[in-house]
Amino acid sequence: MIAVMGATGNVGGSISERLMAQGEEVRVLGRSEQKLEGLVERGADGTVGEATDPEYLASAFQGAQAAFALIPPNLQSEDYGAFQDRVGRAIVRAIEDSGLRHLVFLSSVGADQPAGTGPIAGLHRAEQRLRALGGLNVLALRPGFFFENHMNTLGLIKHEGINGGATAPDTVLPMIATADIAAVATDALVSRDFEGFVVRELLGPRDLTMAEATRIIGTAIGKLDLAYVQFPYEAYEASLTELGLSESTAGMLAEMEQGFNEGKVRSLEGRSPSSTTPTSFEEFAEEVLTKAYEEA
């Protein structure tokens with residue numbers, strides 16, 4: 001049996017679907033029984049609880065040959081870093097109490113840095129806790145910027161006619177489809193061929209700038225003159241709080257984008273066949289962003 005945290009999210013959901021398609025016994029974890037219902041109806045074992053609850057996680061990990069773990073977003077948290085630490089500690093305690101031996105953990109490019117990277121610094125701390133566990137085999141996946149993150153600015157594009165953020169237009173970032181992350185994670189959960197603490201970067205098919213990504217989005221949605229505008233960090237942070245994010249979360253996200261611009265969030269290994277994934281941003285824009293834009 002394989003346990004999957006965040007089974008209703010982009011990565012965890014895709015992992016759950018892939019495992020079930022391969023005939024694996026899957027235990028799906030989430031906060032909402034209703035959202036897990038579709039997976040449960042198709043044969044998954046569903047269990048509902050909070051990612052900060054070590055007893056819940058230990059029960060879910062009990063008897064699993066492997067587990068996929070992540071720190072879920074909590075955009076309204078009044079102290080986002082503290083929330084990340086509560087989840088990270090809960091995962092560690094659950095591993096100790098359940099006897100789990102193989103874990104695939106969703107981290108991020110930039111998790112080598114202890115500070116100056118916003119929420120990625122919380123993943124650094126989580127990695128350090130997992131490294132300290134004896135008898136546990138960990139594959140820490142460090143993907144680049146999710147293609148899906150571009151969905152957050154579709155409303156801005158539709159209503160203001162621009163794309164924008166605090167990242168500089170010419171800052172180069174590895175960008176990746178979450179489905180490609182899930183494919184790698186699924187293979188690792190089934191094969192369990194990693195020992196000790198292993199880091200694997202996942203960098204997508206190629207690096208992109210925000211200006212390049214904006215041109216691709218514009219082409220897909222029929223706005224060939226779509227431009228990318230860089231916002232000052234304080235203005236960007238204020239816009240996020242206006243959208244309902246907590247001040248803590250907004251500040252962390254602004255710091256992350258500053259980390260992008262300053263080169264703190266970068267690949268350590270460089271692009272290689274094992275870190276390059278197949279789905280292009282052009283494909284994603286045509287197949288996913290166009291539909292989401294229509295609904296924005």
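1. At what angle do helix α4 and helix α10 pack, and how far apart are their axes? In this predicted model, helix α4, which covers residues 80–98, packs with α10 at an angle of about 90°, and the two axes lie 8 Å apart. An angle from 65 to 115 degrees counts as roughly perpendicular, and α4 and α10 are therefore roughly perpendicular to each other. On the side of α4 the contact is made by Tyr80, Gly81 and Gln84, while on the side of α10 it is made by Ser248, Thr249 and Met252. When the residues of this contact are sorted by character, 2 are nonpolar, 4 are polar and none is charged. For a reader new to such descriptions, two packed helices are described by the angle between their axes and the distance between the axes.

2. Thr249 deserves a paragraph of its own. Thr249 belongs to helix α10, which runs over residues 247–261, and it is buried, with a relative accessible area of 2%; the cut-off that matters here is that buried means under 20%. If the neighbours within four places in sequence are left aside, Thr249 is in contact with Asn74, Leu75, Gln76, Ser77 and Tyr80. For Leu75 there is a further detail, since a polar atom of the Thr249 side chain lies 3.0 Å from the backbone oxygen of Leu75.

3. A useful contrast is Glu242: is this residue buried or exposed? Glu242 is exposed, with a relative accessible area of 69%, and its place is in helix α9, which spans residues 233–242. Its separation from Ala220 can be stated in two ways, because the two residues are 22 residues apart in sequence and 28 Å apart in space, taken from C-alpha to C-alpha.4. Turning to the sheets, an open sheet of 7 strands has the order β3-β2-β1-β4-β5-β6-β10, with parallel pairing. Strands β3 (45–48) and β10 (197–202) stand at its edges with a single partner strand each, so one side of each is left without a neighbour in the sheet. From one strand to the next, the twist averages 15°. Helix α3, made of residues 54–61, packs on this sheet and touches β1 (2–4), β2 (26–30), β3 and β4, and its direction makes about 165° with that of β2. Helix α5, made of residues 120–131, also packs on the sheet, touching β5, β6 (137–143) and β10, and its direction makes about 170° with that of β5.

5. Within that sheet, strand β5 can be followed residue by residue. In β5, which covers residues 102–106, 5 of the 5 residues are buried, so the strand is largely enclosed by the rest of the structure. Both faces are covered, with His102, Val104 and Leu106 buried on one side and Leu103 and Phe105 buried on the other. Strand β4 (residues 66–69) runs parallel to β5 and is joined to it by 3 bridges. Two positions help to locate this pairing in the picture: Val104 in β5 is the bridge partner of Phe68, and Phe105 in β5 stands opposite Ala69.

6. Which strands make up the open sheet of 3 strands, and in what order? The order is β7-β9-β11, and the pairing is mixed. Its edge strands are β7 (145–146) and β11 (207–209), each of which pairs on one side only. Strands β7 and β9, the latter being residues 172–176, pair in the parallel sense over 2 bridges, and Phe145 stands opposite Met175 in β9. Helix α8, which covers residues 210–221, packs on the sheet and touches β7, β9 and β11, while its direction makes about 85° with that of β11.

7. The other pairing of β9 runs in the opposite sense, as β9 and β11 are antiparallel and joined by 3 bridges. Here Leu173 stands opposite Leu208 in β11. Strand β9 is also mostly covered, with 4 of its 5 residues buried. As background to both sheets, strands of a sheet pair through backbone hydrogen bonds, either parallel or antiparallel.

Technical notes: Residues are numbered from 1 along each chain as its sequence is written. This is a predicted model: local features need pLDDT of at least 70, side-chain atom pairs count only at pLDDT 80 or more; totals for chains, interfaces and linings use all residues. Side-chain values use heavy atoms; hydrogens and water are left out. Buried means under 20% relative accessible area, exposed over 50%, partly exposed in between (1.4 Å probe, protein chains only). A polar contact is a pair of N or O atoms within 3.5 Å; within protein, one must be able to donate a hydrogen and the other to accept it, and residues adjacent in sequence count only if both atoms are side-chain atoms. Contact means heavy atoms within 4.5 Å. Axes are lines fitted to C-alpha atoms, for helices over the stretch in contact, and angles run from 0 to 180 degrees between N-to-C directions. Angles under 35 degrees count as roughly parallel, over 145 as roughly antiparallel, 65 to 115 as roughly perpendicular and the rest as oblique. Ala, Val, Leu, Ile, Met, Phe, Trp, Tyr, Cys and Pro count as nonpolar, Asp, Glu, Lys and Arg as charged, and the others, Gly among them, as polar. Two strands pair if DSSP finds at least two bridges between them.
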